[in-house]
Amino acid sequence: MSEPEDRSNSNKPADAQKPKSPPTPTTLHGLRAVWRFADGERRAFAAAVVALFFAAGCLYLVPLVPQSIFDTMFGETAKASALSRRIVEALGGLDTLRDRLWLPALVMILLTALSGVAIHLKTRFAAGAAERIARRMRDRMYDHVQRLPCDTLDEIPSGDLLQRCTSDIETLRTFLNSQAPEICRALLMMLVPLPLMAALDWRMALASVVCVPVMLLFTAVSFHRMGPDFGKKETAEARMTAKVQENLTGIRTVRAFGRAAFENARFAESSAAYRESDALLFRHYARFWSTSDLLCFTQMVIVVSLGAVLVARGSLETGAYFYFLTVVSLFIWPVRMLGRMVVESGKALAAVARLDEILAKKEERDLDPPATERVELPATERGLALRFDRVSFAYRGGPTVLDGLSFELAAGQTLGLVGPSGAGKTTIVQLLLRFHEPTAGSITVDGHPLARVDRASMRRLTGTVLQQPFLYSKKLRDNIVAGMNAVTTEDAVVAATQSACIHESIVAFPERYETVVGEKGLTLSGGQRQRVAIARALVRAPRLLILDDALSAVDMHTESSILGALSAARTAQTRIIISHRLSAVMDADLILVLDEGRLLQRGTHAELIAVDGLYRTLWEIQHLAERDLTETLEEVDV
Amino acid sequence: MSEVHAHDDSRARFSLRVWQPIVTRALSNHRAVAALLIAGIIVAGIETALPLLVGRIVDEARKGSDAELLPVLILYASVFIGFAAGVWIFIAAAGIVATRTADRLRCDCFAKLQELEPAYFDVRPTGWLVSRLTSDCSKVSGMMPWCMLDFSWCTAIVLGVTVTMFVTNARLALWALCAVPVMTLLSVVFQRFMIRAGREARRLASAMTAAYGEMLLGARTTKTLAREEANLSEFQGLSREMNFWSLRGAVLSSVYVPLISMLAASAGAVLLWRGAGDVLAGEGVTLGTLIAFMQFAALFAQPVQELSQRFADILNASSAAERIASLLATEPAIADRPDVKAPRELARIEELRFDAVDFWYRPDVPVLQQFSLRATRGQTIALVGSTGGGKTTIVSLATRFYEPRAGRITIDGVDLRDLPLSWFTEQIGIVPQVAHLFAGTVRENIRYGRLDASDEEIERAAQRVKAHGFITALEKQYETEVGEGGERLSTGQRQLVALARAVLRDPQILVMDEATSSIDTATERLVQAGVEEVLRGRIAFVVAHRLSTIRSADAILVIEAGRIAEQGTHKELLARRGRYWELYTNQFAADRERALLHLKDAATQQTVASLVGESQDDE
């Protein structure tokens, strides 16, 4: 009786089972997807099934040996089944065996060993293939998701994507690694002994499987019914987690108001709700396991009783009886799990189908024209020449973000973009980087239509600092050279960090350029992050430099140092600078003042302050401040 | 910090001490634990009796008498009912132990966190703490009942089977047990390798999750850098390693499990070899006995496997247990001294003083040095100065979120540390820079200021800070759910609710960290009116960002590098044309610029509409 094994299983679903959000994809989709994912590994799985078959065969042969001995040696040899007599003869005949009882023992050990080897091989094949598929899937999802267009990334919540990359792949792995082989094992364990049992005694064979259909049905129905309660537990857990999260986020408020007792009471409520939902599952388990134990035992009792009666009547040999006793206890437990495995696999396959949904989304490179029609921009020192011709953009179904914008920027010029938030400044940058495609109009780069320019070459030649710069959890040095194909010299790195006014701060860290940043390392301030990102853009010596509000968190003094370093660099690079502070754009060759996707004003600083408009209003704020102060001071004097 | 960053399974040493708080809580469910242990013994007893019964049945059947067979068969069938009952009891009891232990642990950890000083949270990310209360607590509690059950079940079955066998036939018993030492040895050896593989696989799984997370967060940056290939090859390093360790774990267990079964089967074979002769010779060994012994031999594989599995579980969870134990053992750094006395009831606080206070977060970076300050009742003190100068530190010290490293802070001459924390907390009100609201209704959020406040008092507080207008314009007025963290309200509305909450509390000392986030001028004017209401008649400190607040303060302190650089009223300070002049000019420009550039924000526009409508109602 393998009760402990089942018992240890009984507490697993409590944490292993995670019902997902309503599964739209069906089990059938999942099955098809698994078949495709298993491409190249199907043979390994077939080999695993063969090994399983072999293992089950050996396992069921083992009790045949003592059964033959019992029947021939302790019973009337003549009454023993043909199978038993043949086995005994194969072992050297009854007389020889009486003196050499170690021989059947050895055969039993050997058979068990063979079965063990087969089980081992099955794991080698199945787990090996499953792990390879999982690894391939992990790599594939990683690469696929990072190459998805921004539109797609915006559509799917990143928490959802993360779950698919982690737990859905894990579900696939578990399915291939354990659920599918377990189902095969249970089936084989049930089917393989049938001919052997039938050969020994058909009445007993029939009695041995009579409860099996009931058990399968009972298990499947029970686990199906428990489904909603698993969901309830998940919800209660999520609620409780949200409570903790909220409390800890506001822990200062809690302290400020001295509300510890109040919070404890509130938390106790949600903790208790979760406890109850979990306890409900335990009650389900208690009912399920004890009932299914009863069903298994009913099966045992049927076999034991019928066998005993038959033996007593003399129409069944003791050895055969022993065989049935052993075999029933061998297959009844895996069969008991079969129904549950099938229900769980159904859920698993639905999760797998969701992986397929993501993989079906087009990557950026799938949207590109064929390589022969693409233009690769050369990596020279010259700046990029840009032209926007009546460019408009709107998010799918959203309002117009950019409305028929036209401008031209010669190589080596600097463009300043000014305007309230939501004016469309960032959109211009995103269109240039091909994060989105214009809904109307055209953009040309060095005379080539941007849509035909190789995406990677455009990005490689551009140094971009986004509004909220992201740094990888790596060493500072690795962050700065991230995205460089060639080896970057130490001098180049330091030159870039000096221009970005971050070198001094970096060398003040105990581990200098080796300092790890991000979650597992040092937390940088917003201004420091921006400056590291600027250094990362500068070290590329790009043909186009884009600073999208990249100086918002640095103080005015540092800002002017960085801008000074940029203009001192005297490269032929083209630049686009978006800023809320006019000081950052006043030296630009062309300044565009935007509002709600439309161009309000264009010109140089000198031209723009000469006319009435938003630009001049902004510029005059500085003077307003001084006027206000003077007035206040005059009041003081009075 | 090291606690947060130490890898979850980096140290899997076994220490009973860390389990003590968990085991104590688990054991406190006396009846369930007793039921669990007894059920384990019952089940083990039945499992021991079954082979004997089967042996009896075989022997009786061979004798061929139905009459003697029947009672044994009935006994056999009824024993199973007992078995199923045992299973039902232990799972039900396990449920009680596991869920109640987890609940107790969670609530105790939660309560401990409420006591700990803010500095504790400065170095521990919220997400990290959340997992301590959720997954760690569930993990260690979930194991408790199974460990207890296996303790009783394994002991009972090993003892029961061994004794039964020796009583029946000592010679065969020895043969049946011959494989047990080898099994135990194998388990010890294999578990060590399997635990290692499991630990590595878990480490890699969390590293991969982090890598996926980073990939998603930095998707756009990766695109701008065109570094997809480099990213992938870094990730492939992880997935390759993962593949190695998880396959290794699978292969190890595929060697271990068959080996144990083989050893158990070998014991059966050996019994056949040694026992069959005895049966033939008629030396008191019946065929039934032999069959029973062969089943006993197979039974021994289970406790061995089970115990080694539990041992692995305990090792795997020991870092979780250690984290919980260390949280529960943490003593709050800011707590009442044993001899604190609450001052006379309703004591009016006339004066708050900083007396040569030194403070630092890290010893090598001093924040305040020899800082002194005096604030009296009815005074509003505005703290201005550049970021990192120490303004926030000053207000955190005044509210006893932190304590001075040197010097002292007194109210009416009594050191804060000599006053009961709970009494002092009643006297203070805090309006933080980012108003934190709790999921619940607007009313509940305001009531947080004073739990026994009536609905009327709540509405009056809202009226005083001019929040009543926007609240009544909401769909369900005061019963409107604000959402998690107040997400369904705008920034300005959240600030107004936080102000109402502080007014309702009616504190003697009020500390306000003004929001720097941009809100439009109309909202700002309203919030400003609320702020003035809140500040009136108290000892008030404001970390000021708005010109209007600064202008109306009784005293302005310019804080630079942990010291008071300038001090005076608005006009006095302007006349000096020093640091304050500079700050003020910048702030003025920034305010105006913000007004010009952000007014068209869709989000604030809505707020403007609702607030403007409200202010018209008021007039």
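Here are four short exercises on the two-chain model above, each with a worked solution.

The model is predicted, so local features need pLDDT of at least 70 and side-chain atom pairs count only at pLDDT 80 or more, while totals for chains, interfaces and linings use all residues. Residues are numbered from 1 along each chain as its sequence is written, and chains are lettered from A in the order in which they are written.

**Exercise 1. Find out how many residues each chain puts into the contact between chain A and chain B, and what kinds chain B brings.**

Step 1: Get the rule straight: two residues are in contact if their C-beta atoms, placed from the backbone, lie within 7 Å.

Step 2: Count each side. Chain B gives 129 residues and chain A gives 123 residues.

Step 3: Look for the main contributor on the chain B side. That's helix α10 (residues 228-281) of chain B, with 29 residues, the largest share. Helices here are DSSP runs of H or I with at least four residues, strands are runs of E with at least two, and both are numbered from the N terminus.

Step 4: Sort the chain B side by type: 73 nonpolar, 36 polar and 20 charged. For this sorting, Ala, Val, Leu, Ile, Met, Phe, Trp, Tyr, Cys and Pro count as nonpolar, Asp, Glu, Lys and Arg as charged, and the others, Gly among them, as polar.

**Exercise 2. Work out which residues of helix α2 (residues 16-27) of chain B are buried, and where they sit around the helix.**

Step 1: Use the cut-offs: a residue is buried if 20 or more other C-beta atoms lie within 10 Å of its own, exposed if 12 or fewer, and partly exposed in between, with C-beta atoms placed from the backbone.

Step 2: List the buried ones: V18(B), W19(B), P21(B), I22(B), R25(B) and A26(B).

Step 3: Look down the axis of α2(B). The buried residues fall within an arc of 145 degrees, so they line one face of the helix; the arc is that of the directions from the helix axis to the C-beta atoms. An α-helix has 3.6 residues a turn, so residues three or four places apart point the same way.

Step 4: Check the other side, where L16(B), R17(B) and T24(B) are exposed.

Step 5: See what the buried residues of α2(B) pack against: α4 (66-115), α6 (126-168) and α12 (301-329) of chain B.

**Exercise 3. Describe how strand β3 (residues 380-384) of chain B is covered and which strands it pairs with.**

Step 1: Count the buried residues in β3(B): five of five.

Step 2: Split them by direction. T380(B), A382(B) and V384(B) point one way, and I381(B) and L383(B) the other way.

Step 3: Find the partners, remembering that two strands pair if DSSP finds at least two bridges between them. β3(B) runs parallel to strand β8 (residues 539-543) of chain B, joined by four bridges, with T380(B) opposite A540(B).

Step 4: Do likewise for strand β9 (residues 555-560) of chain B, which pairs with β3(B) in the parallel sense over four bridges. Here L383(B) stands opposite L557(B).

**Exercise 4. Lay out the open sheet of chain A.**

Step 1: Read off the strand order, β6-β7-β8-β3-β9-β10 (chain A), with mixed pairing.

Step 2: Pick out the edges: β6 (462-465) and β10 (598-603) of chain A each pair on one side only.

Step 3: Zoom in on β3 (residues 414-418) of chain A, which is parallel to β9 (residues 590-595) of chain A through four bridges. In this pair, L417(A) faces L592(A).
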